[in-house]
Amino acid sequence: QVQLVESGGGLVQPGGSLRLSCAASGSIFQIYTMGWSRQAPGKQRELVARIDSGGSTNLADSVKGRFTISRNNAKDTVHLQMNSLTPEDTAVYYCNAYGTGGDYWGQGTQVTVSS
């Protein structure tokens with residue numbers, strides 16, 4: 001089964017930046033879409049950003065202009081560059097990959113935006 005390993009989370013001050021990374025490994029399958037979702041306390045998990053194999057991206061309205069998603073298809077990795085972070089961005093961020101092998105999720109990485 002595919003494993004998604006996330007990194008880059010942590011504590012950052014408002015206005016700061018973080019770069020999340022996710023690498024897929026374990027099983028070989030064709031990945032159609034990779035992305036990031038997040039879940040804040042008391043809220044449902046929401047899709048933050050996604051990118052397909054052709055490079056087309058989709059961002060949630062709440063992060064447009066601040067976040068950028070990118071991927072390296074050869075390495076099966078996806079990155080989320082997060083700029084101008086606010087406390088409302090505080091959440092557990094989950095990496096997701098969807099492809100011929102199914103739908104896979106990482107364990108999540110905590111992002112805390114606080115002064």
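Two strands count as paired here if DSSP finds at least two bridges between them. Keep that in mind for the hairpins below, and remember that the whole model is predicted.

**View 1. Strands E7 and E8 make a hairpin.**
Four residues sit between the two strands, and in that turn Asp-76 has a positive phi of about 50 degrees. E7 covers residues 67–72, and its pairing with E8 is antiparallel, with six bridges. To get your bearings on the ladder, look for Phe-67, which stands opposite Met-82 in E8.

**View 2. E8 also pairs with E3.**
Strand E3 (residues 18–25) runs antiparallel to E8, and six bridges join the two. One of the residues to find here is Ser-21, whose bridge partner in E8 is His-79. How much of E8 is covered? Most of the strand: five of its six residues are buried.

**View 3. His-79 up close.**
His-79 belongs to strand E8, which spans residues 77–82. Is His-79 buried or exposed? It counts as buried, because its relative accessibility is 16% and the cut-off for buried is under 20%. For a sense of distance, pick out Ser-56: it is 23 residues from His-79 along the chain, and their C-alpha atoms are 14 Å apart.

**View 4. Ser-84 has an unusual backbone angle for its residue type.**
Most residues other than glycine have a negative phi. Ser-84 is not a glycine, yet its phi is positive, at about 50 degrees. You'll find Ser-84 in the loop that links E8 and E9. With a relative accessibility of 41%, Ser-84 counts as partly exposed.

**View 5. Strand E4 sits between two pairing partners, E9 and E5.**
Why is E4 described as largely enclosed? Seven of its nine residues (the strand runs from 31 to 39) are buried, so the rest of the structure largely encloses it. E4 runs antiparallel to strand E9 (residues 91–99), with eight bridges joining them. Thr-33 is a handy marker for this pairing, since its bridge partner in E9 is Tyr-98. E4 also pairs with strand E5 (residues 46–52), again in the antiparallel sense, over six bridges. For that ladder, look at Trp-36, whose bridge partner in E5 is Ala-49, and at Arg-38, which stands opposite Glu-46.

**View 6. Two hairpin turns, one at each end of the E5 story.**
In the hairpin of E4 and E5, six residues lie between the strands, and Gly-42 takes a positive phi near 80 degrees. E5 goes on to form a hairpin with E6, this one with four residues between the strands. In that turn the residue to check is Gly-55, with a positive phi of about 95 degrees. E6 covers residues 57–59 and pairs with E5 in the antiparallel sense over three bridges. Ile-51 has Thr-57 in E6 as its bridge partner.

**View 7. Tyr-32 and Tyr-98 make up an aromatic pair.**
How many aromatic pairs does the structure hold? Just one. In it, the rings of Tyr-32 and Tyr-98 are tilted, with 6.0 Å between their centres and 55 degrees between their planes. Tyr-32 lies in E4 and Tyr-98 in E9, so the pair ties together parts that are 66 residues apart in sequence. Neither ring belongs to a buried residue: Tyr-32 is partly exposed, at 39% relative accessible area, and Tyr-98 is partly exposed too, at 42%.

**View 8. Arg-45 lies over two rings.**
Arg-45 lies over the face of Tyr-94, 3.7 Å from the ring centre. Arg-45 also lies over the face of Trp-105, where the distance to the ring centre is 5.1 Å.

**View 9. The largest pocket and its lining.**
Rolling a probe the size of a water molecule over the atoms shows where empty space is left. In the largest pocket, that space comes to about 160 Å³. Which residues lie nearest its centre? Of the 13 lining residues, they are Arg-38, Lys-43, Glu-46, Ser-62 and Glu-88. Sorted by class, the lining has six charged, five polar and two nonpolar residues. You've already met two of the names: Arg-38 and Glu-46 stand opposite each other in the E4 and E5 pairing.

Key
Residues are numbered from 1 along each chain as its sequence is written. This is a predicted model: local features need pLDDT of at least 70, side-chain atom pairs count only at pLDDT 80 or more; totals for chains, interfaces and linings use all residues. Side-chain values use heavy atoms; hydrogens and water are left out. On a 1 Å grid over the protein atoms alone, a cavity is a set of points where a 1.4 Å probe fits but cannot get out, and a pocket is an open set with protein on both sides within 12 Å along at least five of seven lines; lining residues have an atom within 4 Å of a point. Grid points are joined across faces, edges and corners, and a volume is the space filled by probe spheres set on the points. Ala, Val, Leu, Ile, Met, Phe, Trp, Tyr, Cys and Pro count as nonpolar, Asp, Glu, Lys and Arg as charged, and the others, Gly among them, as polar. Buried means under 20% relative accessible area, exposed over 50%, partly exposed in between (1.4 Å probe, protein chains only). Rings of Phe, Tyr and Trp (its six-membered ring) pair if their centres lie within 6.5 Å; planes under 30 degrees apart count as stacked, over 60 as edge-to-face and the rest as tilted. A charge sits over a ring if NZ of Lys or CZ of Arg is within 6 Å of the ring centre and within 35 degrees of the ring normal.
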